[in-house]
Amino acid sequence: MTRTVAPRRTLPLFLLVAALAVVSCSPANPEPDRSTAATPGGTAAPGPADGTAVKAGSTPGVGSTPGVQAAPRFRGSVVAGRGAVRERVRYSWRRGCPVGPVELRLLRVDHWGLDGRVHRGELIVHRDHARRILVVLEKLFKASYPIQRLRLVDAYRADDDRSMAANNTSGFNCRRVSGSSRWSEHAFGRAIDLNPLRNPYVTRGGRVSPPAGRPYADRARRAAGMIHGGDAVVRAFAAAGWRWGGYWSGSRDYQHFSASGR
Ligand SMILES: [Zn+2]
């Protein structure tokens, strides 16, 4: 079968001039919009995030750049109402715990996810620390620090291993220190574990918890959500008087921040 050859046409002069004008107006090295490179997901593979993204992803901190969407504003509050906490600690609290539900507060806040989008999360801490932790979470938001999940540990039936394996960030949980009869600081609502899979607990002997966090026991690594000494996360907590478990000697708890330093 023979193909018919389309007759060669000469480009009209005015079109040629127009095309040249367009080319000369383009930047010498047109690049795709680079704003996405600065999203909090960083270089890590985006992970699934719980909850619904409450705002479309946009680059925080570039609101003044023409053509770029304004940075989302942080929204967060200490939820009022006596029942707010009680009905959310069915698994994580029981009689005999060192603090009661009435002493705890529910925070509901915006946070960046690993997907570069803004999500709404929840956290329970002691009432004495609620306001200052709200300030910390606002700082983390403004620093574009991503938190993959921010769900109450009751979503995992208060099972810390499950919560950690899901890289879930949590605060209050009435439990003992692992391998001890002593109450954990989490049982007082004065400790928070942040992105625990990417900031595992590493014992002096090299045991890593959660086990799937082993790649992140290498702290020279840089991945979204990892905490490093002196970074914006450590500084935000330090300003609230909370200290980081990554500074411990011997065993190190890279996910752990607490008011007592324990
Ligand atoms: Zn902890």
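How many helices and strands are there in the protein? In this predicted model, the count comes to five helices and ten strands. Of the 262 residues, 39% are buried. Looking at contacts with a separation of 6 or more, 62% of them link residues that sit 24 or more positions apart.

A good place to start is the middle of the fold's strand pairing. Strand 3 (104-112) and strand 4 (118-126) run antiparallel and are joined by nine bridges. Together they make a hairpin with five residues between the two strands, and in that turn Gly 116 has a positive phi of about 75 degrees. Two facing pairs help to locate the register: Val 109 stands opposite Gly 121 in strand 4, and His 111 stands opposite His 119, again in strand 4. Strand 3 has another partner too, since four bridges join strand 2 to strand 3 in an antiparallel arrangement. Here Val 79 is found opposite Leu 106 in strand 3. Seven of the nine residues of strand 3 are buried, so this strand is largely enclosed by the rest of the structure.

Next comes helix 3 (130-142). This helix has 13 residues and reaches 18 Å from its first C-alpha to its last, close to the 18 Å expected at 1.5 Å a residue. Its buried residues are Ile 133, Leu 134, Val 136, Leu 137, Leu 140 and Phe 141. Seen down the helix axis, these buried residues fall within an arc of 160 degrees, so they line one face of helix 3. What do they pack against? The partners are strand 2 (76-79), strand 3, strand 4 and helix 5. Just after the helix, Ser 144 takes a positive phi of about 60 degrees.

Much of this comes together in the largest nonpolar core, which has 47 residues. Those with the most contacts inside the core are Leu 107, Ile 124, Leu 137, Leu 140, Val 233, Phe 237 and Phe 257. Two or more core residues come from each of strand 3, strand 4, helix 3, strand 5 (191-193) and helix 5 (232-239). Helix 3 gives the largest share, with six residues. As for Phe 257, leaving aside residues up to four places away in sequence, this residue touches Ala 191, Ile 192, Leu 194, Phe 237, Trp 242, Arg 243 and Trp 244.

Two open sheets remain to be described. One has three strands in the order 5-10-8, with antiparallel pairing. Its edges are strand 5 and strand 8 (243-244), each of which pairs on one side only. Strand 5 and strand 10 (residues 256-258) pair in the antiparallel sense over three bridges, and Asp 193 stands opposite His 256 in strand 10. Phe 257 falls within the residue range of strand 10, and among its contacts are Ala 191 and Ile 192.

The other open sheet has three strands in the order 7-6-9, and its pairing is antiparallel. Strand 7 (208-209) and strand 9 (252-253) are the edge strands, each pairing on one side only. Two bridges hold the antiparallel pairing of strand 6 (residues 201-202) with strand 7, where Tyr 201 stands opposite Ser 209.

Note on methods:
Residues numbered from 1 in each chain as written. Predicted model: local features only at pLDDT ≥ 70, side-chain atom pairs only at ≥ 80, totals over all residues. Pairing = 2+ DSSP bridges. Core = buried A, V, L, I, M, F, W, Y, C linked by C-beta atoms within 7 Å. Buried ≥ 20, exposed ≤ 12 C-beta atoms within 10 Å, placed from the backbone. Contact = placed C-beta atoms within 7 Å. Expected span 1.5 Å × (residues − 1). Arc of directions from axis to C-beta.
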